[in-house]
Amino acid sequence: MKSLSATANTKILIAGIIVLAVAVAIIAVVKFDTTGKRGSGLGREFIYDLGDLGKVDPNLILYKESAQAIDTGFTESRAIALNSRGTIYVAGDKSVRKFDENGNNLGEIKLNDAPMCLTIDTDGKIYIAMKNHVQIYDDQHKLLTTWQSLGKNAVLTGIAVSKNDVFVADAGNRIVHHLDKTGKLINRIGDKDKDRNIPGFIIPSPHFDLAVAPDGLLRVVNPGNHRIEAYTYNGDLEFSWGKFSNTDLKGFCGCCNPVNFAILADESFVTVEKGLTRLKIYDPEGAFVGVVAGPEQLVQEGTPRICDTAAECQTGSFDVAVDESGRIFVIDTIKNVVRTFTRNPQKQ
Amino acid sequence: MIRPAYITISLALSVLSCTISSAVERFPPPDFESGYVQPTPTTPGPRQTMYEYIDTAVLFAALFLATLLVLKVRKRRAIFVMMIFSLVYFGFWRKGCVCPIGAIQNVTLSFFDPGYSVPITTTLFFLLPLIFTLFFARSFCAAVCPLGAIQDLVLLRPTSLPQWLESGLRLFAYVYLAAAVLFAATGSAFIICRYDPFVSFLRLNGSLNILILGACFLFIGMFIGRPYCRFICPYGVILRQLSRISKWKVTITPDDCIKCRLCEDSCPFGAIKIPTEDWPAHDYNKSKRRLIFLIILLPILVLSFGWIGSILQPVTSRVHATVRLADRIYLEESGQAEGTTDASDAFRATGKDIKDLYTEALAIQSRFGLGGWLAGGFVGLVIALKLIVPSLRRHRSDYEADMASCLACGRCFEYCPKEHSKRKQAKEEFPKREIVRLGAPETMGENR
Amino acid sequence: MSKNPQQEQTRRQMLIAALRYGALGLLGATGGAAVFAGKKNNTQNTVWQIDPEICIACGNCATYCVLEESAVKCVHAYAICGYCRICFGFFGPEPADINEAAENQLCPTGAIKRTFVEDPYYEYTIDESLCMGCGKCVKGCSTFGNGSLYLQVRHDRCKNCNECSIAAACPSGAYKRVPADKPYLLKRVDHV
Amino acid sequence: MKIPTDDIHKASPLNNKVTSQWYYTAVTTAVIGGVFFLIVLELMLFNYFQRTVAEPKRADKLEELKIQLRQPLNDSQLLSHIQELDVKSIPDPNQAKQLKLLKAEFPANPQDQQLLSKIRNLYMQIRQNNIRELDLQIRQIRMRRWDFSRRGSYLLLSGVVVFLIGIKSASAYKKKLPLPQKQPDKINEQVRKAIYARWAVTVGLVILGSGALFLATRPWIDLTTTDTTATSFPTMEETSQNWPRFRGPGGLGVSNYTNIPESWNGTTGEAILWKTRVPLPGHNSPIVWGDRVFVTGADPNVRQVYCFDALSGKLLWNRPVKSPSQDTKPIDVFEDTGFAASTAVTDGRRVYAIFATGDVGCFNFEGKELWIRKLEVPDSAYGYASSLAIYRNLLLIQYDQGAADDEMSKLIALDTFTGRTVWETKRPVPNSWSSPIVVEVEAQPQIITCGDPCVIAYNPTNGTEIWRAKCLGGEIAPSPIYTAGLIIAIEPYTTMVAIRPDGRGDVTKTHIVWKSDQITPDISCPVSNGELIFLLTTEGFLTCCKTTDGTKIWEQELQKDFLASPSIVGNRLYMLSEKGVMYISEIGAEYKELARCQLGEECFASPAFMDGRIYIRAKNNLYCIGTTD
């Protein structure tokens, strides 16, 4: 009798255990997150929140977008330039396209190679730099000359013309070629040189821009040092300005910035940074003036998102051009549109 | 382990990799004056394909051996040893993947996704056990399947379940199979692998939930024989049907049954059928009517469950990542969800058109609608048959193993007196030679 | 009913035999079709790998792997690296000082080694045994730098599960099955 | 043949005696294995929780320290920190010593900058040290735990193996001989088994079926509802040919048609094209687009949008606006306002409606629900009554509520396609009942809103404020109008203000052209034909003023109550009294009544004027008045 009741008890016990186990198992399965909806349960030290870095104090934004964005129709746009009459030239895929400020397409120059950068001379001649050579077109889109290659290592990323000189920034060889208008090499600017205390350009990525300032000096970006350096035409380093900072808006962010810049009529600078994609204004002495637009305006409306995929991050280096009236034209190399910014009268 | 193999491959591949990366036009690196040379990234290779073939061979051998042990040798101990080997090799050494159970999904996917094609080895992993079962019953379950083995090991205090409960619970396995095929066919998920309770033990590594799940299974397995195999394993469902029509069957007794009833309680899996009596006359007509009713019910069940399966589409289709993403994006766009998720950010980063995403998601959903019909219909069919089968009856005069649910573990053999007498005979045929020390005493005597 | 059990029995046998060979044929067909499909777009065994161009370094790789120490590690494509002095894969967003001190480093496990090559270049190497694949440095590098750091499934660690549990949890769908003889998707160098 | 049982017993290996000493060895082995297993398991669980609970805390601390290090310190902060800093807590002895010295030295000469910088550096070093220490510690522990769990799993395994070997062999030694129980009667047994089996399956069937159905009936997202005409919006011309919102195109109460009936009679049915009952009450006005007429209606529980066929008056569809959130406790509103006082708006593709409960709904012209939003329940003294406005793809909601100082009022812009909030701007005003209008000033769109105390203009693209004029007071119900380049706003009972809208910032001083003290309406809106502005009070006091300077030209007592706002058609003024009488007067130097038309039903809503037709929403019915030819 006793033994029977004992077995009965054990049976009940076992049943209980089994039921419990089943319950636990079901919970385990239901609570099991296979789809990653709870995110990586990583601690704070493993998360890199770049959003905060991207935030810009709205009071510092001196400009506002003043026109509908112009769709260039390029799949890979690279550079922008304006001629004296305010026509917008955009270099992309394998051509250069002309737009008026209302976004009407005024024609296209077909190229047999991908353009890297371009500039327009006062006489309307269009200087287009390919990977390693320069082509010159007249304003009727007729090819005038093709200069010979600047070496197989050359990666031309910036070009500027003055009265009778042409300067080509070569990120591959990390120097500036100084040529005359016939394409004859005059000298190389920016070679590392202790005695002339020229540090040489540090260019970790193919972003290397330059421009001729009204004061008759050449301005060249030294991205690795987060500086803009002023050179005479014969290659003496006069002075330089700019410092690194990710958190301080006055500085240039990231490993190598600014990527591009333009000089306004009042000789102050518009700089473009990648990483924390933003346009900023500096006065001729390099003192920070204000912001044209930050990531919230440029990358994705409203959110200080910087970039997610590596591909997206790498295309986020915009180019900029300005006109006499102080309007700023930006080619958005992600969305391939031209955006126009003008000074916001309320802000000073 | 197989480190040397790794190294050789990694060398080969690192060469390969350099060729790839230098083949692409690139921004020139800094010109180092210090003669610094760039290191090339290492790319250690995966487990060699060769090993897959070896595994397949081992699987075949194991199946062959297991069959031999079950049908000819008929020794539980031998089968047990075989089982341990399989557990060690297929389980701990080969870490369980790809196992025949999971292979169901690979084969299915290869039919529906032109982009995916199943490796030959995997196909063989899927087919071999089935073919063996078709001829030699479920020797695979007995001594080759590592999941079976791990459960069989922990079975300490078998308690028999009533048949009705067993057949009721087994329904789940069919549903599981249907779901697994549906999700595999739509390229949504491999749920069999996702919720495999034991593989994390075999890897000595795994997510907490699955470890808990596995622990629960083993715990239950201490009292109820092989719960996964009997009530959940979708592969087992297929094996059951094939085993019914297998050529050579597992028999409890080596020759005719004497109905001594000794084996009655020997099977922890409730797979022993006792002899039937004639059906009681009073029940005869009633059961006949019932049978007719059930047969009419069959198409109704099939259709209704098919329908249910199809209307379940919004739920089931959310297993597919694209549909989930589309839903999320929709919620965000329509302001019903605050903020963004990693997924939606990633999607927006690609700059794809939302409309395209929606259309893609809708296409997938419609596939789930159709799949739902089939899967649901299958479940309905199973249920209908399960209702019908108990109403059919076959005359059985002996104690037999139920070929469908017999896992050929060989426990019952030793319970059969005939088995023992047979073994005794065998012993007598080859009597042990005894070595006798030849009489020393006599010689001593002679010396005297 | 009246037939003698013997015949009954044999008929049964034949029926079952027929079924059996039918089933065998079916299985054969299945296998054949599957293998043929495989031959058609001749892929053999596949393994899991991350497409670095799609990956958003969300960090799921570190926690969703079935292995406690994830099989996903950060790797370095030296070919793209700018050898920056201030590398944001290595340094935190605002390093107090440009040196290897703990307070300046980004990587929580200290898995990145920074070695001086020559002025102004520095080399960065990943210590795999310390890396846990959280992708923090990947974010930093791809945002500010050239994106030479990226996450990759290391096949000496990966168990090549039938369904990769990280792939199931990957928000960007960057995981794909790749042929086992080309098990790595290397970062393309396509700035220019 | 039969084998005697004892024979079996001899033959059977099952017949082991439990007394074999191996049995006990086996049992002990099992126990050892089991215990070992449990211990290791214990440790691993502990390890796991350490890793998931304790470590993150430490890591957070590290992050904190790093952030602190980055923040610049001014001298006073530095000193206070130093004071707090406990010398004993510093691991590095000579740093501690230095700190002691400096601390001692400082009070003597606090002005010494050099000393200060010394302290600064030292403090920096100390903090850096702390970080490095902690960092190292954390990483060491992390690695240790990894190794431990790696080894632990193997230990666990070995434990299990030992346990199993033990227990298995033990059970082998303890095998019992099979003792078949007494058999129950087998016949009924197998019948019962069959029945049970069927029932089990049936239960399974029910569980599966019901479970599946339950899942299937749960709400789910239907991606097909995202319609594709989303981005397109109507041209100015299209809009001007219809009556898309409260008081028609631009919300000015001016009809672009002149062929409007001048006589009808609701009781005789003269010139009444059709008359259809509106299911639920509501004081909102009809809006018309093409051949569709929309009104809304609501009671405390149900909110509905109705679409009528303009030709036949047939109710084409009637859709409820259900709150997505269930917790809608009935709110009480002023009875004269009702739950559907706000007039709907349409862009010719979709129709949008808002109700006193804060529910916003969007339907396409076929009546398909596209989206539903639930704004918070507005806190409005008489109940929410502002009507909707549309600019391009933005649905504009003037959501004024509460008192001025509890800052609940705001202007909301929803995306008409998705219903998602595009922008939201706080408004420094208490609850009001006035509706916004959108005007174009120098080709720049402006949203004009009235409230106490400000008339504020906003930029539709981002909701930023363009200008504001502080000139109103009291409970603002009349909506502004835009005429002859002026914004006309009304302060109930007392004042009318005209503002030039080309200003920026606060234009109170600069851009207010004139203020004129008149008997102004407290509910209805003004209406103007460019030169003259007409004000009609609830009591029926009609005033006519000059647009140029706001001076009164003439006034007239109509001795009737008016809730609907007056409208202008050509050179005639249409005024609909609460009793349902339409006063039609000519616009001129003095009041000149042309006709009075009976409708025979009370009217609270402003009528809609279309090509040759008037649509009047009376208390219970919607009327269409026009000539059949």
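Q: Which residues of β21(A) sit on its two faces, and are they buried or exposed?
A: In this predicted model, take the strand one face at a time. A:R278, A:K280 and A:Y282 lie on one side, with A:L279 and A:I281 on the other. That fits the usual pattern, since side chains in a regular strand alternate between the two faces of the sheet. Both faces are covered, and these residues are all buried.

Q: Why is β21 of chain A largely enclosed by the rest of the structure?
A: Look at residues 278–282, which make up the strand. It is largely enclosed because the buried residues number five of the five.

Q: Which residue in β22(A) stands opposite A:Y282?
A: β21(A) runs antiparallel to β22(A), and four bridges join them. Their hairpin has five residues between the strands, and A:G286 there takes a positive phi near 90°. Across from A:Y282 you'll find A:F288.

Q: How many bridges join β20(A) to β21(A)?
A: These two form a hairpin with four residues between them, and A:G275 in the turn has a positive phi of about 85°. A:V272 stands opposite A:L279. The strands run antiparallel, and the bridges joining them number five.

Q: How much area do chain D and chain C bury between them?
A: The contact takes 15 residues from chain D and 16 residues from chain C. Carbon and sulfur atoms account for 55% of the buried area, and the total is about 1300 Å².

Q: How many salt bridges are counted between chain D and chain C?
A: One pairs C:E69 with D:R150, their closest N and O atoms being 3.1 Å apart. The full count between the two chains is three.

Terms used
Residues numbered from 1 in each chain as written. Chains lettered and ligands numbered in written order. Predicted model: local features only at pLDDT ≥ 70, side-chain atom pairs only at ≥ 80, totals over all residues. Heavy atoms only, no water. Contact = heavy atoms within 4.5 Å. Buried area = accessible area lost by both parts, 1.4 Å probe. Salt bridge = Lys/Arg side-chain N within 4 Å of Asp/Glu carboxyl O. Buried < 20%, exposed > 50% of the residue type's maximum accessible area, 1.4 Å probe, protein only. Pairing = 2+ DSSP bridges.
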